[in-house]
Amino acid sequence: MHGQGPRQFDLHLRLDPRPFGGTGDSLLFTLQRSGPRFWATFLLPQQDGNLTATAFYRSDPDSARFWLRAVARRFDLGPYLQPDTLQTRIDATFSLEGAGATWPELTATAHLRLDSSYARRADHSWQLAPASARLTLTPSDSLQHRLQITGDLLEAELRGHLTPDRLAPLVRYWQQAFAAAIHRQTEKPFYRPPRSFERPLPALRPPLAVLQGRLQVRRLDWLQPLAGLPAIRTDLTATLWTRAGADTLQLALEWQADTLGIGALHQEDVQGRLQLATGRQIDRSLVGLFEWQSARLQQLRQIRLVGYFLPEGAQLSLSSRPDTTGETLRLTATLDLLDRFNRLTLQEFYWQVRDYRWQLTQPARIDLYADAAVLHSLLLRNRPAADSIAGEIELKGMLSAQVTDTTYVTLRSIALEELTRALGRARRLSGQLEGRLSLVGAFGTPQLAGFLHIDRLRYDRHPLGTLRLVSHYVPGSPQVALDVRLDPDTTIDAANRLHLSGTVRLPSSDDAGQLDLRLETTHADAFFFTYIFPDLIANVQGYFAGRGRITGTFRRPIFNAAMQLHAGAFDIPRFNLHYRIEGPVSVDEAGFLLEAVRLQDPTGGQARVDGRIFFNEYRFFSFDLTAGLDGLQVMNVTYSRDLPFYGKIWGRGTLSLSGPLYGALLQTADAEVLPKSEIYIPLAESGTEADEAFIVFADSTGRIPERPTRRPNLLARRPPGERSFLDGLDLDLNLLAPQGTTVRLVIDPLLGDVINARGSGRLQIIRQEGTFQAFGQLDVTEGDYLFTAGEIFVRRFLIEGGTITWDGDPINARLDLQAAYRTRASRAGLPGTLGQGTGLIPLVVQMHITGRVEAPQVSLRLAIDRSINEPLAGYEGWRRCSTSPNEPPSTPRACCSPTLSCSPPNAPPPKRSPRRATSSPSTASRNSSPASSTAT
């Protein structure tokens, strides 16, 4: 820093090294003053981006003004915000300019332009669309201002007393008043002495302020990654009016939205209001009304929530109207603010879905203390179906941090299938639940003891068996001993036998809990892999046997188990494959470990699989697998409308699978296709494949809603925005096709228009982001092609050699094939002595297919078959008839017999029978230099 006194100086500041934990960050700041003028620059460089800013301020009272310019280029906010899992690449510009030396005369205009950017938080990533916002602040009189925000994200306007010198004291004043009122009404302990409130109201009485405003939300997509909030999708509009002074506070807020989605919660036609009026002693003068209405909330219809606030308590009412499914929910409760405690009374609870209903048998009282809660027998009863008994759930006891206070939960005849059906679960549990549990230390270190018993337990259609759970307290310890057994049940054909024992410590507000369990099983069905990879495999069979240990916490358990998979089998329906699988499978903190696991197909082909399937902290699965193929069949599809190739394919070599479940990469550098393989490549796209991950339907207002792109846990159902395994699978396959490999180019499967080519070569198949490419060449040594020209000419040509070359487009290969059709033609009809002989003339119709599949060139040539060694009397005369001295010998003339018809040189090709509009060698234009001929 250097200068001449406080009114003229230069300040240069550098913070180094890396003050914010970034790579290469060194904050640079300069400040210059010359009289009433200030200049400042700011630079924060990063390894791949930077943030720069320049500012100016003139402090003259009569001409005060200021401006600021800031630019972010690929800037990462992660090192400066919490949590540090946030990573961004933000491109944005910000400008601010204004004038005024005091708040009453202040005017300002700000403009923010957000360019296309990227954000990632943990395992979620977002491509953020461009947006802009503009803010203006103008005085409407000496005491009031108008704040207006416009742009792509929201529209808002606020009028009134907006100066900080008036608003800040009011906010602090009423914040303290509400905190004091809440403390007086909640600080009613059962065990400990009451605590005093140590923050009195400010002595200075704040001035009166009046505000009114409006808000319209347009987009909130930038808020989710930067703030770490769930996805919010809404077109909400709201209005606000408030009047606040030292003695009174009045507030009126109303809102409306066609749609409102917060995470997985979705509502339609939302409207509501909040009205409050209070004096300085809030708990003695507060009156208010809260109302929320929605046409749809998940499965409920026409929901209405109303709450009334009075000095002595509150009333709450929640109700919904039944829809076509008959789902109804009613809840009525009152809160009484008493001297020693607050009493919550549940007057009514009624929930019905079709014929399934639960209801409160009588009003239930809950006494609320600051450190405890007393439940006076809350009993819910389920009306039984015709062939079942009534189910009951009863809660009673006391909740506190004391180990002497116990809450009891009794479960009687709970039909799990009806319950999960009523909850709308796609995957249903079934069985009969009985149990009694006791909970102590609920507000401290909770301990749960008791038993649960479930007969005929099933998950979806899969029988599990009989489940028994017993737990008891460990004296002098916060641990709970746990013993869980899953035993066979012959009535539902369940053979599982599993034993889990050990201790657990339940999680609390300041403790993540603890697991220490041992697992032993002689039979644990492997069907659950169907739910892990639902878009890939089906009909999973087999069972695991082994033992292991589970430690860690409830949120992040650590597995350490060694299992053996017996009699395993599964299908891959899309490729019509069935495999048997056996081998050791270990489980640890990172995921599944496969060592020498054997695959076998019905034809005898085998493969060895090694590697890992990672848990990724239980957020998503990813692969690091290697498979050594030894004649394993990898495709068994006779026809497909949506695969780029199909057939019966066996392979040998090494394959690797890596990456996450929704974007894995399958690659190989040395794989070989076995000669017995038959590969069909359709040359005409015959359908439209819809990838649901790229289809988003607008709502009733025309807005394009955001969709969940990741499942909340490993076994959750795949959300619409997450691509299935096969849709998201990328390929990089370098395949060797040995001599004898058959490739069939399917031109028209309905007419049998197929080029069957046998040969050898190398082919690279690439699929990236849903786009297929193929490179390589097949050297054809033999094959055949059924050439079809309507009903006039249908002949099978034998391929004598050539090449099929792929240079990108898998359905538009380059063709260079030689084929021939051999026949004998009668002499009848030839002029003179040429037609008097009795022998047939051996002929060969030669075909040369060149060009590309989408625009092929097919040349036909008629010649004597000289491969047949026999005398051809009169051949020279036929040759003179069919050619002239000035024409090539192969140019036919109009002297052919009825059975040997030759078209003139410029004759059009024969008309074909109608077929699909597709480019193929048999429908493309034929070259007419060699004759287009037909021989029988």
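This passage walks through the confidence, helix α1, nonpolar cores and aromatic contacts of a predicted model.

Confidence comes first. The protein has a mean pLDDT of 81, and 82% of its residues reach 70 or more. Two stretches call for care. Across residues 685-718 the pLDDT is below 50, although the model gives this stretch 76 contacts beyond near neighbours in sequence. Residues 873-936 likewise have a pLDDT below 50, with 132 contacts beyond near neighbours in sequence. Where pLDDT is low, predicted coordinates should not be read in detail.

Helix α1 spans residues 164-186, a run of 23 residues. From its first C-alpha to its last it reaches 32 Å, close to the 33 Å expected at 1.5 Å a residue. Its buried residues include Leu-170, Tyr-173, Trp-174, Ala-177, Ala-180 and Ala-181. Arg-166, Gln-176, His-183 and Gln-185 of α1 are buried as well.

Turning to the interior, the largest nonpolar core holds 96 residues. Within this core, Phe-533, Phe-592, Ile-804, Trp-806 and Met-847 touch the most other members. Another core, of 24 residues, lies apart from it and has Ala-364, Leu-457, Leu-464 and Phe-527 among its members. Leaving aside residues up to four places away in sequence, Met-847 touches Tyr-785, Phe-787, Phe-797, Leu-817, Gln-818, Ala-819, Val-858, Ser-859 and Leu-860.

Phe-592 also appears among the aromatic contacts. A search of the whole structure finds 22 aromatic pairs. One of them joins Phe-615 and Phe-621 in an edge-to-face arrangement, with 6.1 Å from centre to centre and 65 degrees between the planes. The pair counts as edge-to-face because its angle is over 60 degrees. Both Phe-615 and Phe-621 are buried. Ring pairs tie these two residues into a cluster with Phe-528, Phe-529, Phe-544, Phe-559 and Phe-592.

Phe-592 is, in addition, one of the residues touched by Ser-586. Ser-586 belongs to strand β37, which covers residues 577-587. Its other contacts, not counting residues up to four places away in sequence, are Ala-561, Ala-562, Gly-591 and Leu-593. Ser-586 and Met-563 are 23 residues apart along the chain, yet 5.7 Å separates their C-alpha atoms.

Charged side chains meet aromatic rings too. The charged end of Arg-330 is placed over the ring of Tyr-350, 4.5 Å from the ring's centre. Lys-676 lies over the face of Trp-650, with 4.5 Å to the ring centre.

Definitions and conventions: Residues numbered from 1 in each chain as written. Predicted model: local features only at pLDDT ≥ 70, side-chain atom pairs only at ≥ 80, totals over all residues. Heavy atoms only, no water. Phe/Tyr/Trp six-rings, centres within 6.5 Å; stacked < 30°, edge-to-face > 60°. Buried < 20%, exposed > 50% of the residue type's maximum accessible area, 1.4 Å probe, protein only. Lys NZ or Arg CZ within 6 Å of the ring centre and 35° of its normal. Helix = DSSP H or I, 4+ residues; strand = E, 2+ residues; numbered from the N terminus. Contact = heavy atoms within 4.5 Å. Core = buried A, V, L, I, M, F, W, Y, C linked by side-chain atoms within 4.5 Å. pLDDT = per-residue confidence, 0-100. Expected span 1.5 Å × (residues − 1).
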